[in-house]
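Thanks for coming. I have one structure to go through this morning, so please have it open in front of you.

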Amino acid sequence: MSKFSILTSLLAVTLLFQACSKEDKSHDTTNKANQEANALLATNQFVLKSLDNKEYIIEKKADGFALKGAKGKVIILDVFATWCPPCQAEASHLASLQKKFKNDIKVIGVTVEENIPNKKLENFRKQFGATYTLVNSSDNMRLINEIAAKLKIGRNFGIPLMALYKDGKLVNFYQGATEEEFIASDIKKALGK
């Protein structure tokens, strides 16, 4: 075999592998772009699981948060802890509001307690009449931190913290125990009643 044939064969094999390498890199770039897009989407969504294993997807919007599939409803995100006396007192008020405005609002209690057993939340529900949705998910703290950041209240805020949103826009928020009448008034304004 001549030197020219060997050199030509080596060059052809080298070019073949370079082309495959470039194609693989462009495929990797596409996969990386898809992964980055999925990661961005994931940071804009929070999957919350209720005590009855229903999933609620909260979407981060420019002006606040929205519950997927709840267009036109007022969403109350209640940041609480089972051991917090004002949170315990507020539970019956939130249950009352959920009952009073049942078709127009959705109350979601988001606990700050990480790795809390569902049994403890069920006991909270029974003891304090929290008959609205309580969620216990790995996304709880991520959502709570995003709410605090959007409200510009820092990370060491007082609880209970209630944030009311309609179609992704902030209606109002309250820190600490709040009278049911004030919350009801804001719900009515948001609903145009």
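Along the sequence, the protein runs α-β-β-β-β-α-β-α-β-α-β-β-α. That comes to 5 helices and 8 strands. Bear in mind that this is a predicted model.

Some totals next. The protein has 193 residues, of which 38% are buried. Its accessible surface is about 11,500 Å², and carbon and sulfur atoms account for 54% of that. As for contacts between residues at least 6 apart in sequence, 64% of them join residues at least 24 apart.

Now the open sheet. It has 3 strands in the order 1-2-3, and the pairing is antiparallel. Strand 1 and strand 3, the latter at 64–67, are the edge strands, each pairing on one side only. From one strand to the next, the twist averages 30°.

Take the pairs in turn. Strand 1 and strand 2, residues 55–61, are joined antiparallel by 5 bridges. Lys 49 stands opposite Glu 55 of strand 2. The two strands make a hairpin with 5 residues between them, and in the turn Asn 53 has a positive phi of about 65°. Strand 2 and strand 3 are also antiparallel, over 4 bridges. There, Lys 61 has Gly 64 of strand 3 as its bridge partner. Helix 4, residues 140–151, packs on this sheet and touches strand 1, strand 2 and strand 3; its direction makes about 130° with that of strand 1.

Which side chains of strand 1, residues 45–49, are buried, and which are not? They alternate: Phe 46 and Leu 48 are buried and point to one face, whereas Gln 45, Val 47 and Lys 49 point to the other and are not buried.

Compare that with strand 5, residues 105–111. Ile 105, Val 107, Gly 109 and Thr 111 point one way, Lys 106, Ile 108 and Val 110 point the other way, and all are buried. With 7 of its 7 residues buried, strand 5 is therefore largely enclosed by the rest of the structure. Strand 5 pairs with strand 4 in the parallel sense, over 7 bridges. One of the bridge partnerships is between Ile 75 and Lys 106 in strand 5.

On to the core. The largest nonpolar core has 52 residues, and Ile 58, Ile 76, Tyr 132, Ile 147 and Ile 187 have the most contacts inside it. Strand 4, residues 74–80, supplies the largest share, 6 residues. Leaving out residues up to four places away in sequence, what does Ile 58 touch? Its contacts include Phe 46 and Leu 48, Phe 65 and Leu 67, and also Leu 77, Ile 108 and Leu 143.

Last, the aromatics. The whole structure has 4 aromatic pairs. In one of them, the ring centres of Phe 65 and Tyr 165 are 5.5 Å apart and the planes are at 80°, so the pair counts as edge-to-face. This pair links distant parts of the chain, with Phe 65 in strand 3 and Tyr 165 in strand 7, residues 161–166, 100 residues apart. Both Phe 65 and Tyr 165 are buried. Ring pairs also bring in Phe 46, giving a cluster of Phe 46, Phe 65 and Tyr 165. To tie this back to strand 1, Phe 46 is one of the buried side chains there, and Ile 58 touches both Phe 46 and Phe 65.

That is what I have; I'll take questions.

Key. Residues numbered from 1 in each chain as written. Predicted model: local features only at pLDDT ≥ 70, side-chain atom pairs only at ≥ 80, totals over all residues. Heavy atoms only, no water. Buried < 20%, exposed > 50% of the residue type's maximum accessible area, 1.4 Å probe, protein only. Pairing = 2+ DSSP bridges. Axes fitted to C-alpha atoms, helices over the stretch in contact; angles between N-to-C directions. Contact = heavy atoms within 4.5 Å. Phe/Tyr/Trp six-rings, centres within 6.5 Å; stacked < 30°, edge-to-face > 60°. Core = buried A, V, L, I, M, F, W, Y, C linked by side-chain atoms within 4.5 Å. Areas by Shrake-Rupley, 256 points an atom, 1.4 Å probe, with all protein chains shown as cover.
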